[in-house]
Amino acid sequence: MENVKKIRVAFAGVGSNTSSTVQTITQAKECNEETQLPGISYMSICGYELKNIDISCAFDVDENKIGIDVASAIFTQPTSCNKFCEVPLQNVSVVPGPLFDGLDGDLGEKVKAHKKCYENDTDDVVRILKETNTDVLVCNLPTGSRNAVRAYALASVMAGVAFVNATPEIVARDPEIEAKFKAYNVPLLGDDLRSHLGATTLHMALIELMKSRGINVTNTYQLNFGGNMDFYNLASPGRSLSKQNSKKNALFAAGIDASKVSAGPNGYVEYLGDTKICYLHLEGDSVLNSNITIELRLEVQDSPNAAGVIVNAIRLAMVARDRNMAGSIDSVSPYLFKSPRFGKTEQEGLRDFVNFIG
Ligand SMILES: NC(=O)c1ccc[n+]([C@@H]2O[C@H](COP(=O)([O-])OP(=O)(O)OC[C@H]3O[C@@H](n4cnc5c(N)ncnc54)[C@H](O)[C@@H]3O)[C@@H](O)[C@H]2O)c1
């Protein structure tokens, strides 16, 4: 019998991103060999099929999610991800993670932390990752939880588990943390997931298109709002700085001076739920100094848009492990993340990703 290549993945944070990712994997498990799921660019990456990703464990701090099966936790309020399919019991109960700054800002008003989360620390995460034979840990914590994200990253190193940082908190770009991953021979992918076809990707592509026509981009902005917990959290003072910086990093990589560009989360609109709306505006100087203006409105479901990239990142992290690669995986991170260690244009990022998977 052919050797099936399995991946055991853990999630830190069982919110919208994790919900959409688990649902995407569930759909893949239910379809036959030939089915190509919509929006999934690769059903198989270097022999790792989407359907062969299994959940090893999941950490959260929400007292309503802890102790219940991941299959239920992914639909527990205040998570607003839509239900796209029935998810069978995973036989994995959500365990309490260390709290640190996970619920700082307004999130603490919506989510009550389980009492164990005040007692647990990084060692508990290391122990659970090892006990559950986890290969890859995906960090889906709220933006602004700098200390919690770094704690999970260090636990990943100590457990020898590849780390995928979906948040904009600095991990891959921190030379000290990156060096630890290298020293312990553990792969690291990050920072700040790009959506599958989201505001950053579209914004970068339009800037690169204008530049390729010799058009000088003179002004641009990117306004984003939505109604999921990510936007709720980002609306708290002090919680969105890393996200704003991360979006600027991506625009710099596309080739413009983004220091004065407004490209942020711009508000929480509760009734939108997991729907995200983005307004893009670009102005440029074209032939004979004539003006050219682009206005664009993008509407997406935020977390499925993230899941399309997370399922690739999980498999690429596993391939990097197999190849004995360590530290930041710079060849694929620019294609998958907004703020990799070394930013690249869309074209360069895609080329390097395709070369990596061969
Ligand atoms: N399209 C997208 O949705 C997208 C794209 C790029 C990046 N991101 C980033 O991904 C991250 C996750 O987004 P989301 O929409 O799933 O957020 P979410 O708010 O829905 O989920 C976060 C979860 O983390 C839990 N949590 C808080 N502190 C914790 C701790 N210390 N340990 C364990 N769990 C903890 C919360 O209880 C919640 O269940 C955010 O940083 C977001 O900015 C999202």
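Buried means under 20% relative accessible area, while partly exposed runs from there up to 50%. Keep that cut-off handy for these close-ups of a predicted model.

**View 1. Tyr 232 meets Tyr 268 edge-to-face.** Let's start with Tyr 232: at 12% relative accessibility, this residue falls below the cut-off, so Tyr 232 counts as buried. Its partner, Tyr 268, is partly exposed, with a relative accessible area of 25%. The ring centres lie 5.1 Å apart and the planes make an angle of 75°, so this is an edge-to-face pair. Tyr 232 belongs to helix α8 (residues 229–234) and Tyr 268 to strand β10 (residues 262–268), so the pair ties together distant parts of the chain, 36 residues apart.

**View 2. Lys 110 sits over the ring of Tyr 232.** Here's Tyr 232 again, this time with a charge for company: the charged end of Lys 110 is 4.8 Å from the ring centre.

**View 3. Tyr 42 and Phe 353 join distant parts of the chain.** A search of the whole structure turns up six aromatic pairs. In one of them, the rings of Tyr 42 and Phe 353 have centres 5.6 Å apart and planes at 65°, which makes the pair edge-to-face. Tyr 42 comes from the loop between α1 (16–30) and β2 (44–45), and Phe 353 from helix α12 (residues 346–357), 311 residues apart. Phe 353 is buried at 0% relative accessibility, whereas Tyr 42, at 25%, is partly exposed. Ring pairs also bring in Tyr 335, giving a cluster of Tyr 42, Tyr 335 and Phe 353.

**View 4. Arg 323 sits over the ring of Phe 356.** The charged end of Arg 323 is 4.5 Å from the centre of that ring.

Methods: Residues are numbered from 1 along each chain as its sequence is written. This is a predicted model: local features need pLDDT of at least 70, side-chain atom pairs count only at pLDDT 80 or more; totals for chains, interfaces and linings use all residues. Side-chain values use heavy atoms; hydrogens and water are left out. Rings of Phe, Tyr and Trp (its six-membered ring) pair if their centres lie within 6.5 Å; planes under 30 degrees apart count as stacked, over 60 as edge-to-face and the rest as tilted. Helices (H or I, at least four residues) and strands (E, at least two) are DSSP runs, numbered from the N terminus. Buried means under 20% relative accessible area, exposed over 50%, partly exposed in between (1.4 Å probe, protein chains only). A charge sits over a ring if NZ of Lys or CZ of Arg is within 6 Å of the ring centre and within 35 degrees of the ring normal.
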